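New to this one? Here's a quick tour to get you oriented before you start clicking around.

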Amino acid sequence: MATPVGRIEKEFLFKAIFDEKLPVMYVKDGNEYVFMLERPAGEELIFHSDKPLAKIKNHSKLPLLFNYRGQVVDFNIEILAIKDDSITCKTPDILYKNLDRNYLRVGAPSDMKILFTFRGDRYNLAFPKIMEYENIANEDITRNMNSHNLSMLIKQIKGLLSKFADGYKIVNFKEKKPETTEERIVSETGKTLFLPSTVGFIPKVDPYPKKRIITEDLFKRYLETTGVGTTFLDDNCARFLKHKFENGIYSDAWVPILFQEYVIGYIHIWINKQGRLPFDFSVLDHVYQYAKILAFALKENGYFEHGKVENEPFAGRILDISASGLLFACPLGANLLSTLLIDSELTVIIETPNRTINVIAKIVRRFKDKTAGYFGCRFMGMEPEDTRFMFEHLYGRQIDAADTAFLAGQV
């Protein structure tokens, strides 16, 4: 994932651009421009272009990219002044490295039209809402389970839970709103409260690639939102665990049931018999899967049908695009802004005079400023011939042997 460069490293990289005469690339409407830094970087940068800059005016924003010893770095500039083939811009605040692409993002060509539609059904539901999207539609999660008979499925899941837990409970937030500390933190974060041993500690590290666990730091941040002062956080954590132990709970887990961006309930399991092995991550994996099966079964049985909303195409403002993804913006007041979440998938139609491309895009990054929300998307499963066309249309040249990494998806 792209990560911002620190201040000292940023200064070092701009020094390297000038000292080592590194080319900085800009592409627009199939034309590739090579910028060279004319003098050491200060508060402003002055670049010289290898060719006349067509249709670029003051205050235009340009995405640029350079390669420093195999590390691809990109940044955005805003033009302050143009004279002949030289441009002056303010030195950018942020550079990004560790890009998951090898080719420069470019402005969308003037002959390209792009429309988005949410992939699958969308809902407006009266459940706690989080800022991530859980996709349950594309997995074979109901193998050996009857998702069409809800009562039978719940009975089956309870039987499985009883194999490793002394007690268990399945709670639906439609019938019971979050009240306890455990319910509130699970509903607000969409993550699992996992206490392997109540004579130990709240986990300090989340081992999952896509974070699932309420760590000690996250638990303390929640306590601060409830008014607990920073000097009392450790004592509150200790009392929280001690209270459970004194009430006969020796191992404990609260696993949210997630549907799209909603927390519709949770599965609570616990151990209250001394001498029994505490829960470990393999137990959590099983319960997490049962929660996904429940959410899937509820959807299949029409439980969320009353909240289904019309799924109409929309056109975001395209800021830049590559053959592997794009960045678009929506104004802060737009109704759909709150539903464009990390891991949401969109169906994208890219129309050009010579070809129409249909592709799935996953939102992998989102941020906002005072005027708009911004969404970085990665194309998924694009057909090779469409990839080739996009490359040639965006960069104005054919793919050659040096672009094998690009074709392999390393973009």
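What follows is a short walk through one sheet, two helix pairs and two single residues.

Keep in mind that this is a predicted model. The main stop is an open sheet of six strands, in the order β9-β18-β19-β20-β17-β16, with antiparallel pairing. After that come the contact of α2 with α6 and the contact of α3 with α4, and finally a look at Thr339 and Ile79.

**The six-stranded sheet**

- Start at the edges: β9 (113-118) and β16 are the edge strands of this sheet, and each of them pairs on one side only.
- Going from strand to neighbouring strand, the turn is 30° on average if you ignore direction.
- There's a helix on this sheet too: α7 (residues 384-395) packs on it and touches β16, β18, β19 and β20. The direction of α7 makes about 110° with that of β16.

**Working along the strands**

- Strand β16 (residues 317-322) runs antiparallel to β17, and five bridges join the two. Just two residues make the link in the hairpin from β16 to β17.
- If you want a spot to zoom in on there, Ile321 has Leu326 in β17 as its bridge partner.
- β17 also pairs with β20, again in the antiparallel sense, and this time over seven bridges.
- You can trace that pairing residue by residue: Gly325 stands opposite Arg378 in β20, Leu327 stands opposite Gly376, and Phe328 has Phe375 as its bridge partner.
- On to the next pair: strand β19 (residues 356-368) and β20 are antiparallel, with eight bridges. One pair to look for is Ala361 with its bridge partner Phe379 in β20.
- β19 and β20 make a hairpin as well, with three residues between them.

**How enclosed are β17 and β20?**

- Six of the seven residues of β17 are buried, so the rest of the structure largely encloses this strand.
- The story for β20 (residues 372-380) reads much like that: seven of its nine residues are buried, so β20 is largely enclosed by the rest of the structure.
- A handy thing to know while you look at strands is that, in a regular one, side chains alternate between the two faces of the sheet.

**Helix pairs**

- Two packed helices are described by two things, the angle between their axes and the distance between those axes.
- For helix α2 (residues 150-161) and helix α6 (residues 281-300), the packing angle is about 175° and the axes are 11 Å apart. That angle is over 145 degrees, so α2 counts as roughly antiparallel to α6.
- What sits in the contact of α2 with α6? Its residues divide into 12 nonpolar, no polar and no charged.
- From α2 you'll find Leu150, Leu153, Ile154, Ile157, Leu160 and Leu161, and they meet Val287, Tyr290, Ile293, Leu294, Ala297 and Leu298 in α6.
- Now try helix α3 (residues 181-189) and helix α4 (residues 216-225), whose axes come within 11 Å and cross at roughly 105°. That makes α3 roughly perpendicular to α4.
- The contact of α3 with α4 is a mix: four nonpolar residues, two polar and two charged.
- Thr181, Arg184, Ile185, Glu188 and Thr189 are the α3 residues here, and they meet Leu218, Phe219 and Tyr222 in α4.

**Thr339, a residue in a loop**

- Look for Thr339 in the loop between β17 (325-331) and β18 (345-351).
- Is Thr339 buried or exposed? Its relative accessibility is 14%, and since anything under 20% counts as buried, Thr339 is buried.
- The side chain of Thr339 reaches the backbone oxygen of Leu336 at 2.7 Å.
- Leaving out residues up to four places away in sequence, Thr339 touches Phe118, Arg122, Lys129, Glu261 and Ser344.

**Ile79, a residue in a strand**

- Ile79 lies in strand β6 (residues 71-83), and with a relative accessible area of 0% Ile79 is buried.
- Ile79 and Ser60 are 19 residues apart along the chain, yet their C-alpha atoms are separated by 5.4 Å.
- Ser60 also turns up among the residues that Ile79 touches, again not counting those up to four places away in sequence; the others are Ile56, Lys57, Asn58, His59, Leu62, Ile87, Thr88 and Cys89.

Definitions and conventions. Residues numbered from 1 in each chain as written. Predicted model: local features only at pLDDT ≥ 70, side-chain atom pairs only at ≥ 80, totals over all residues. Heavy atoms only, no water. Helix = DSSP H or I, 4+ residues; strand = E, 2+ residues; numbered from the N terminus. Buried < 20%, exposed > 50% of the residue type's maximum accessible area, 1.4 Å probe, protein only. Polar contact = N/O pair within 3.5 Å; in protein donor to acceptor, adjacent residues only side chain to side chain. Contact = heavy atoms within 4.5 Å. Pairing = 2+ DSSP bridges. Axes fitted to C-alpha atoms, helices over the stretch in contact; angles between N-to-C directions. Parallel < 35°, antiparallel > 145°, perpendicular 65-115°, else oblique. Nonpolar A, V, L, I, M, F, W, Y, C, P; charged D, E, K, R; others polar.
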